[in-house]
Amino acid sequence: MLLGGVAAGMVLFIVSVGLSVTMGLMGFVNLAHGGFAMIGGYAIALAMKHWGFAFLPALLFGFVVTAAASAVLERLLYSQLYRASELDQVLFTIGLVFMMIASVTVLVGPENQPLMLPAFLRGQINLGITQYRTYSVFLIAVGILIVSGLWLAFERTRTGAQIRAAVDNRRMAESLGINIGLLFTLTFAFGSGMAALGGGLGAEFLGLDPQYALKYLVYFLIVVAVGGLGRVTGVFYAALLIGVLDFALKKYVPQGGTAFIYAFTILLLLWRPQGLFGTKVT
Amino acid sequence: MTPSESRWADHPAALALARRHRPRAWEPIPWVLALAFFFAFPKYLGFGTELLITILFAISLDLVLGYAGIVTLGQAAFFGAGAYTVGILAKRGIWNEPITGLILAAVVAAAIGLGSGLVLLRTGGLTLLMLTLCTMALLEEAANLAHDYTGGFDGLDSLPIAPLLGRFEFNPLYPTTQYLYVLAVLFVCFVFVRTLVYSPFGQSLTGIRENTLRMHAVGAPVRRRLVTCYTLSAAIAGIAGGIWAQANAYVNLGTLGLDRAATVLIILVLGGYGRLYGAFVGAVAYMALSHFLSKLYPTAWQLGLGFMLVVIALFARNGILGIAELGAHWLRRPRPMP
């Protein structure tokens, strides 16, 4: 029962983690992140429908395409606005989202894109204690795999240490000779790739249409704000929390469930403006 | 030159400061144009009314965003609060006199602005952005839930609004009364905002926007000023929402949505924020473009709008008026003698 919420939380985590790290690293308010998830979802859906990709290679394809596209955008455009005001960043990324939505509508069409799951992910699976939807179990497994991988990469590798250093104190990290520009391009591309993965994995229950980029943006932002900026584990717990809450509320209080999430976020941010797991910014 | 000014006659900077608030020669132009529109395009008065309301709403945003530098994505919360105040009072037959209805709308919106401002303005940056967004989403959900009062998703339609001053009927099909009424309200609100931004209070808002730390250091009550500004701006947005509900005789959830908040932000930035007439220029440019383009090529319109935003953020941060100012500056620059 709870598993559905956990599975949704995993998708939220996969999409939001890139947003959290880029916001924490560069303080960039990237409202186009949902757009990258949407583009990735489309790349995956189209690769399967028209170019005969299987599900897993299509996921990889979506990741690579979106990461490459976002790296180009980052170098050409985003990097111009790192020192700009929040307002300029907000405007720029809203503009980008509009352009993404319009291009996708023109190129693919405004209708919902169905994503065919492969046979081995359909149906029910016997978990010993109970039967459950295979796909939800698959999502949870993938989510756990990704969070452990990211945690290891973040805590145990050199690049991870550099990212953590840059999130905590950017100027100090720079003076230690860390190449922040390169680091950010890499993280940004990786984060967008993860968003693409999430867009594809979540398409089964979030749907996939041009409005995706704006429809779920508030959710992604809430997860990041609740989890704290630049914290992989924080985003993970926040995504689980929001995913399970949302699932349970939609089930038991079909009316007004969303209002509760907003109220919860407001109260939480008033209590801890830096998020549940963020460290205090001075 | 008044006697007090003559003392500063040899201090150009002081003189400029003392004269800053004076009306410029070109300032009546927008108002004359608005009146001319009334006589020239009687068929487009509905569009004109919508345009004037949008200008009023954009001015309210300019006060918080352009002058006080509070980046908010939730300004539509106050627009919707005003609209629903007028809508619910009229639908239930409690109050349908237009002018006092607007005052009530302003009071309700200001109360919400004060309440949320007191808590939200403790934060800044991304947290503040998220909080304004969540407050608006929360109000929207609340309006959706309380459908006994608000009509839920369908909203309230055919609101019985009493004739203006007891004499002039509101007619949705031929909105002459609405147009002049909205124009008058816009003028009153504009004069208020203009006086406000040139007052010492307005000056201190600009100071807070430019350097909050320094304003703290000189002893300005920064948070109180911000909350006051937020509340006043909420009241004006409430008036805009209330008058929108009166002119269209209906309210729906769209008045509280992110779409409306984003649109007004785009309009203000397009015209140039932190400038009194930015809202006018932006609203005219945006509404004219969207009115004619969005019906013909909806997708191309969205693509073009996105492209325009990207260009503004990258190259023209002060919008159309900023470009015009640059142009005027360039024309007036001293030229080398040949």
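How many residues of chain A are in contact with chain B, and how many of chain B with chain A? In this predicted model, 35 residues of chain A are in contact with 31 residues of chain B.

Let me begin with the side of chain A that touches chain B. The elements that give two or more residues to that side are helix H4 (86-107), helix H10 (217-227) and helix H12 (257-271) of chain A. H4(A) provides the largest share, 16 residues. By residue type, this side of chain A divides into 25 nonpolar, eight polar and two charged residues.

I turn next to helix H1 of chain A, residues 2-26. With 25 residues at 1.5 Å each, H1(A) should span 36 Å, and because its end C-alpha atoms are 36 Å apart, the expectation is met. H1(A) nevertheless contains a kink of about 40 degrees, centred on Ser16(A). Of its 25 residues, 22 are buried, so H1(A) is largely enclosed by the rest of the structure. Just after H1(A) comes Gly27(A), which adopts a positive phi of about 65 degrees.

Finally, I consider helix H3 of chain A, residues 55-76. The same reasoning at 1.5 Å a residue gives its 22 residues an expected span of 32 Å, and the end C-alpha atoms of H3(A) agree, being 32 Å apart. The buried residues of H3(A) include Phe61(A), Phe63(A), Thr66(A), Ser70(A) and Glu74(A). Which helices do the buried residues of H3(A) pack against? Their partners are helix H2 (33-50) and helix H8 (180-206) of chain A.

Note on methods:
Residues numbered from 1 in each chain as written. Chains lettered and ligands numbered in written order. Predicted model: local features only at pLDDT ≥ 70, side-chain atom pairs only at ≥ 80, totals over all residues. Contact = placed C-beta atoms within 7 Å. Helix = DSSP H or I, 4+ residues; strand = E, 2+ residues; numbered from the N terminus. Nonpolar A, V, L, I, M, F, W, Y, C, P; charged D, E, K, R; others polar. Expected span 1.5 Å × (residues − 1). Bend = angle between axes of the 7 residues up to and from the residue. Buried ≥ 20, exposed ≤ 12 C-beta atoms within 10 Å, placed from the backbone.
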